[in-house]
Protein chains: 2
Amino acid sequence: MQPSSRVPALKNIATRLRIGSVRSTTEAGSGHPTSCCSAAELMAALFFAEMRYDPHHPDNPDNDRFVLSKGHAAPVLYAAWAEAGIITRDDELTLRRFDSNLEGHPTPRLPWVDVATGSLGQGICAAIGIALNARRIGSEYRTYVLLGDCETAEGSVWEASHVAAQTALDSLCAITDVNALGQSRPTQWAHDVDAYATRWRAASWHVVVIDGHDMPQVLSALEEARATKGRPTMIVAGTIKGKGISFVEGKNGWHGRAFKKGEEFDRAIAELEGQLVPENEPASPPPPRVVSRTPAKRSPLAPPTYARGDSVATREAFGAAIARLGAADERIIALDADVGNSTFSEKFEHEHPKRFYECFIAEQVMIGAAMGLAARGAIPFPSTFAAFLSRAADFIRMAAISNVNIKVAGSHAGVSIGEDGPSQMALEDLAMMRAQPNMTVLYPCDAMSADRLVEAMASHQGPAYMRTSRPKTPVIYGADETFPIGGLKVLRQGAADVATVVGAGVTVFEALKAHDELSKRGVNIRVIDLYSLQPIDHVTLARCARETRRRVITVEDHYAAGGIGDAVASAVAADGITVQRLAVREIPRSGTPEQLLDHYGISSRHIVAAVLGDGA
Amino acid sequence: MQPSSRVPALKNIATRLRIGSVRSTTEAGSGHPTSCCSAAELMAALFFAEMRYDPHHPDNPDNDRFVLSKGHAAPVLYAAWAEAGIITRDDELTLRRFDSNLEGHPTPRLPWVDVATGSLGQGICAAIGIALNARRIGSEYRTYVLLGDCETAEGSVWEASHVAAQTALDSLCAITDVNALGQSRPTQWAHDVDAYATRWRAASWHVVVIDGHDMPQVLSALEEARATKGRPTMIVAGTIKGKGISFVEGKNGWHGRAFKKGEEFDRAIAELEGQLVPENEPASPPPPRVVSRTPAKRSPLAPPTYARGDSVATREAFGAAIARLGAADERIIALDADVGNSTFSEKFEHEHPKRFYECFIAEQVMIGAAMGLAARGAIPFPSTFAAFLSRAADFIRMAAISNVNIKVAGSHAGVSIGEDGPSQMALEDLAMMRAQPNMTVLYPCDAMSADRLVEAMASHQGPAYMRTSRPKTPVIYGADETFPIGGLKVLRQGAADVATVVGAGVTVFEALKAHDELSKRGVNIRVIDLYSLQPIDHVTLARCARETRRRVITVEDHYAAGGIGDAVASAVAADGITVQRLAVREIPRSGTPEQLLDHYGISSRHIVAAVLGDGA
């Protein structure tokens with residue numbers, strides 16, 4: 001089929017996408033129809049001329065992928081699906097209803113959506129992961145991502161620009177819908193398409209500047225992108241917000257406003273319907289380029305080789321574990337933010353260089369790309385210092401909303417890192433991770449448990465986090481020990497225990513020291529290694545509390561709010577049990593790990609005092 | 001003085017900065033001497049030729065400012081201070097010790113440091129705020145920021161590039177120390193200085209490319225920056241990591257490694273000492289350009305005009321309050337991320353356009369610039385949707401470490417926003433904010449309390465957060481009501497109360513509805529508006545609990561971990577009281593606010609059931 005002959009049909013599709021977007025948002029009483037109208041030709045060309053996919057099989061691994069980075073334009077995406085027969089026109093009108101999966105912004109409750117969008121500047125990061133995944137599985141699928149111009153302000157977009165250029169990701173085609181209007185005012189560069197083009201060229205992307213409402217230009221830009229090798233393409237599309245509806249076209253003040261039922265709506269629809277043209281040939285998506293492939297290799301997992309008494313940092317055990325796991329399962333991927341020699345993800349890089357992605361110091365795109373990889377079947381382990389995961393907190397939030405299968409690891413947690421000072425100490429990462437209700441949160445104290453928990457998180461379905469520590473700690477578990485997610489280990493117990501002390505990570509060893517110190521004085525305590533904070537074994541915690549005079553003391557290398565104390569308190573509250581918390585309660589400073597653990601009240605000495613202080 | 005005649009002295013200073021950095025890190029046994037060595041000429045030129053400041057008066061408002069964005073090079077900064085007589089050579093050797101303020105990365109415990117650095121890519125954002133502050137106070141001081149090349153990977157750097165260009169910030173001079181080596185490997189662009197120059201030019205900065213070890217080139221680049229009007233300058237300085245010490249120069253594997261005492265250290269020092277040259281004229285910092293100014297205007301504050309029963313969203317009251325406060329106090333500043341028409345910061349923009357900074361959708365630089373402004377005496381109110389504050393979580397973390405006086409506001413909290421769906425709902429913001437031990441956390445339920453709490457947070461010293469809601473809520477407080485930070489309001493109470501129900505924001509009204517419903521059934525409950533989550537009034541909470549059969553039920557439009565339930569549980573734990581929590585426990589979806597409050601278990605119906613469910 002000649003491109004030119006498809007143009008009338010594609011123009012009509014664009015018009016129908018506008019009509020659909022206006023209808024569904026008016027029916028919902030809210031939404032962003034004008035943000036949909038600017039993208040209608042782009043969407044029509046993508047979904048009915050450029051992208052190769054099977055509308056009836058979203059799970060086909062060779063389907064081209066599309067990410068709506070400007071998630072608030074969801075109605076135009078749903079309209080494209082209606083046009084493709086993926087959903088019905090009636091479905092389309094359920095937009096934003098509680099009983100519908102057509103949410104205000106797209107989420108993976110819908111099988112065609114890989115990752116939730118709606119927090120701007122994230123879709124392009126996920127698209128990088130999706131595009132990298134094509135290489136991983138040997139598919140020829142291409143990845144398309146539509147950005148709003150306003151989201152170009154987000155730094156994450158530029159992190160993405162670097163990684164995509166660095167990885168020569170020519171299967172990625174991004175489009176910026178330069179409609180020049182943000183939510184509250186004109187965007188910073190308004191209709192200056194050169195401002196966009198210059199920046200993307202500087203970022204080593206291939207750039208095509210077009211009129212985003214000129215269908216032949218759109219088609220030819222997409223073709224040019226497809227023909228471009230060795231670098232990703234950015235199509236900078238000048239558009240008009242509200243295009244097609246004369247009384248809102250290019251007008252400020254119409255962002256996020258549905259047309260009112262009655263005259264306003266009727267006039268908009270009438271104008272749009274008047275734009276339908278005669279067409280010769282219908283347009284429909286070409287089929288995917290199906291590739292035959294063998295399933296990802298799975299080999300038996302080599303056992304860990306730690307012996308009790310070895311001294312190994314959990315961060316090092318993490319690195320060794322992902323490397324070992326990577327040998328057994330090709331789906332395992334690691335991503336780094338230039339700290340692989342500290343988190344020990346370098347062990348993975350050494351053994352599996354093709355499945356290791358260096359994102360340099362760009363935590364947002366690291367997590368975003370991991371989301372995209374996870375959404376397409378990989379099991380990605382992005383890791384950095386836990387403190388710097390806060391840089392990607394919004395991405396972690398969206399990963400939870402997407403319920404993607406990412407396995408985040410953060411090292412150098414807490415004051416136990418010592419001299420580097422507070423900027424490098426994660427003291428709020430547990431709060432951040434526990435807040436997400438579907439996030440598994442693990443915190444091993446020794447190399448053996450770290451190893452086994454990496455295995456557990458890899459086979460668990462859903463987002464998971466592992467916190468690791470900088471200092472070397474003794475191996476206390478044998479290879480026969482199991483660490484189910486949601487469990488804990490009772491390390492010391494006796495009938496005469498006067499309190500249950502709950503630690504995790506480095507504080508397990510402080511608790512064990514306190515146990516020994518106290519037993520010299522004839523006082524017995526129970527010691528728990530709470531390696532799984534979420535889910536949490538509330539049954540065993542409550543039982544231990546009841547068996548130890550209902551006294552529970554938590555001790556954590558973390559701030560007081562949102563960490564182990566809160567997790568345990570919440571777990572035992574139903575049994576009427578309260579918790580005494582030892583935690584870091586002020587902004588710490590540089591010092592040796594020992595000085596800091598002691599000064600901030602979480603060393604064995606403070607545990608001893610807490611146990612004795614209350615009439616033990 | 002001719003520039004050329006200063007060169008030998010400046011070269012010697014650079015050598016002494018290297019010697020100082022090597023000495024102090026070896027003494028500490030850790031640190032980043034090679035990252036200091038690459039920047040030695042840059043630092044020498046800045047501190048002893050370019051920057052105008054009074055070494056003995058860090059509080060002089062007209063001193064030029066310096067931000068070490070590559071915070072791990074702290075020893076070279078401390079060495080510059082030692083050279084300038086700000087600290088002694090003995091002080092310098094206390095680096096990283098627990099009893100010293102010369103921490104591993106700079107913090108404002110030191111009077112010359114405006115904001116803590118060490119999380120890369122943040123210093124340049126703070127520098128923008130510092131530079132904007134010069135305009136605010138009518139000073140001619142210039143702001144200098146030194147970046148590492150590796151941190152260019154961080155998106156926040158590019159957010160900063162946009163805002164600085166947009167605001168034509170010609171008093172800002174940034175320098176990138178392109179030493180080509182990151183922590184674990186060569187940086188993405190290694191020594192390709194053009195890769196940097198092209199990107200900064202594309203970002204509309206004036207760019208100068210130099211050899212960062214050639215002192216005349218350094219001096220002339222700084223002069224060129226000073227002469228450049230209408231745009232900020234980026235000096236791209238090609239350097240060698242470890243410069244001056246032959247056996248580490250340009251070698252990978254030396255990041256973050258101190259020289260070992262003994263042969264390694266002695267050889268490094270001997271090499272450096274051999275580089276000292278004869279000099280004619282000493283170099284010393286020129287004095288600041290002192291400007292006489294009148295103190296910032298303070299006028300009486302107009303009272304709020306809400307009447308009981310008015311229906312006003314707290315987000316709207318927030319906007320009105322900062323606008324009103326801005327009229328009374330010129331130090332008040334507002335920053336927006338293109339949602340001013342939703343957060344109502346547009347009210348401030350309308351009345352005080354010169355003190356309103358539009359950052360577009362770039363939350364990181366918004367918070368970063370606010371940090372810089374706060375560090376120099378402004379009282380900045382950055383605001384956006386609370387969900388998108390998670391984008392700046394690492395900046396909020398560093399703001400807490402810096403203990404700067406920023407007043408963050410987040411709107412559209414919780415499922416009560418309705419149809420837009422989970423990506424727009426903040427359900428973890430309280431966890432994020434409460435985790436920081438010095439963060440004040442406020443959450444008003446009506447317009448009057450929102451207004452008064454804005455006042456309170458403005459006059460409070462230190463970081464503070466206010467959470468506001470999307471829906472309109474009735475005004476329940478009169479103008480005579482006071483809202484001290486750390487307080488709460490008991491809204492309903494009686495001798496026969498069977499439980500204390502603690503809400504905040506929208507759930508206060510659910511609790512009041514539950515109260516009325518229950519009282520029809522002859523069951524009385526106490527209702528608390530917990531407008532201050534941190535600090536929290538644990539005394540009144542515990543007293544209420546004791547007076548209401550020790551039953552406390554919290555209800556919050558927030559996930560279960562880290563929010564109101566945890567705050568209250570922690571506050572009353574010492575009294576042996578546990579808490580029953582109603583909170584959002586799964587990823588929500590689109591729907592009406594009423595549907596969502598009810599479906600996720602935080603509506604009045606669920607409060608009634610909780611009260612009755614346990615034998616009331």
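# Salt bridges and a two-fold pair

Colleague: Let's start with A:Asp429: buried or exposed, and at what relative accessible area?

Modeller: A:Asp429 comes out as buried (under 20% relative accessible area; exposed is over 50%, partly exposed in between, with a 1.4 Å probe and protein chains only). Keep in mind that this is a predicted model, where local features need pLDDT of at least 70, side-chain atom pairs count only at 80 or more, and totals for chains, interfaces and linings use all residues. Residues are numbered from 1 along each chain as written, chains are lettered from A and ligands numbered from 1 in written order, and side-chain values use heavy atoms without hydrogens or water. For A:Asp429 the relative accessible area is 2%.

Colleague: Which residue does A:Asp429 form a salt bridge with?

Modeller: The count here rests on a simple rule: a Lys or Arg side-chain nitrogen within 4 Å of a carboxyl oxygen of Asp or Glu. In this pair the closest N and O atoms are 2.8 Å apart, and the partner of A:Asp429 is A:Arg467.

Colleague: How many residues apart in sequence are the parts that this pair ties together?

Modeller: The bridge in question joins A:Asp429 and A:Arg467. A:Asp429 sits in helix H17 (residues 429-435) and A:Arg467 in strand E12 (residues 464-467), both of chain A; helices (H or I, at least four residues) and strands (E, at least two) are DSSP runs numbered from the N terminus. A:Arg467 is buried too, at 0% relative accessibility. So the pair ties together parts of the chain whose separation in residues is 38.

Colleague: Where does the pair A:Lys513 and A:Glu510 lie?

Modeller: Their side chains meet in a salt bridge at 3.2 Å, N to O. A:Lys513 is partly exposed at 46%, while A:Glu510 is buried at 8%. They are three residues apart, about one turn of the helix, and both lie in chain A's helix H19 (residues 506-520).

Colleague: How many residues apart are B:Lys347 and B:Glu316?

Modeller: This is another salt bridge, 3.5 Å from N to O. B:Lys347 belongs to helix H13 (residues 346-351) and B:Glu316 to helix H11 (residues 314-328) of chain B, so the bridge links distant parts of that chain. Both ends are partly exposed, B:Lys347 at 27% and B:Glu316 at 21%. Their distance along the sequence, in residues, is 31.

Colleague: Which residues do salt bridges with shared partners join into one network?

Modeller: Back in chain A, partners are shared, and that gives one network. Its members are A:Arg16, A:Glu83, A:Arg89 and A:Glu92.

Colleague: And over all chains, what does the salt-bridge count come to?

Modeller: Between chain B and chain A there are twelve. Over all chains, the count is 78.

Colleague: On to the interface: about how much area do chain B and chain A bury between them?

Modeller: On the contact side (heavy atoms within 4.5 Å), 102 residues of chain B meet 101 of chain A. Buried area is what two parts lose in accessible area (1.4 Å probe) on being put together, summed over both. Carbon and sulfur atoms take 49% of it here, and the total is about 7900 Å².

Colleague: Which three residues supply more of chain B's buried area than any other three?

Modeller: The interface as a whole buries about 7900 Å². Of the part that chain B buries against chain A, 11% is supplied by B:Phe98, B:Arg391 and B:Arg589.

Colleague: Which helix gives the most to the side of chain B that touches chain A?

Modeller: One cross-chain salt bridge runs from B:Arg185 to A:Asp336, with the closest N and O atoms 3.8 Å apart. As for helices, seven residues on chain B's side come from the top contributor, H16 (residues 393-402).

Colleague: What kind of axis relates the two copies?

Modeller: Superposing by least squares on C-alpha atoms with pLDDT of at least 70 in both copies, chain B lands on chain A with an RMSD of 0.0 Å. The operation is a turn of 180 degrees with a shift of 0.0 Å along the axis. That is the relation of an axis that is two-fold.

Colleague: Which residue of chain B has the C-alpha nearest the axis?

Modeller: The turn about that axis is 180 degrees. In chain B, the nearest C-alpha is 1.8 Å from the axis and belongs to B:Gly155.

Colleague: What share of chain B's contact residues recur in chain A?

Modeller: The same surface serves both copies. The recurring share is 99%.

Colleague: Last one: which residues does B:Glu103 touch in chain A?

Modeller: B:Glu103 sits in the loop between helix H5 (89-92) and helix H6 (123-137) of chain B. At 0% relative accessible area, B:Glu103 is buried. Not counting residues up to four places away in sequence, its contacts include B:Tyr78 and B:Arg109 in its own chain, and on the other side A:Pro422, A:Pro588, A:Arg589 and A:Ser590.
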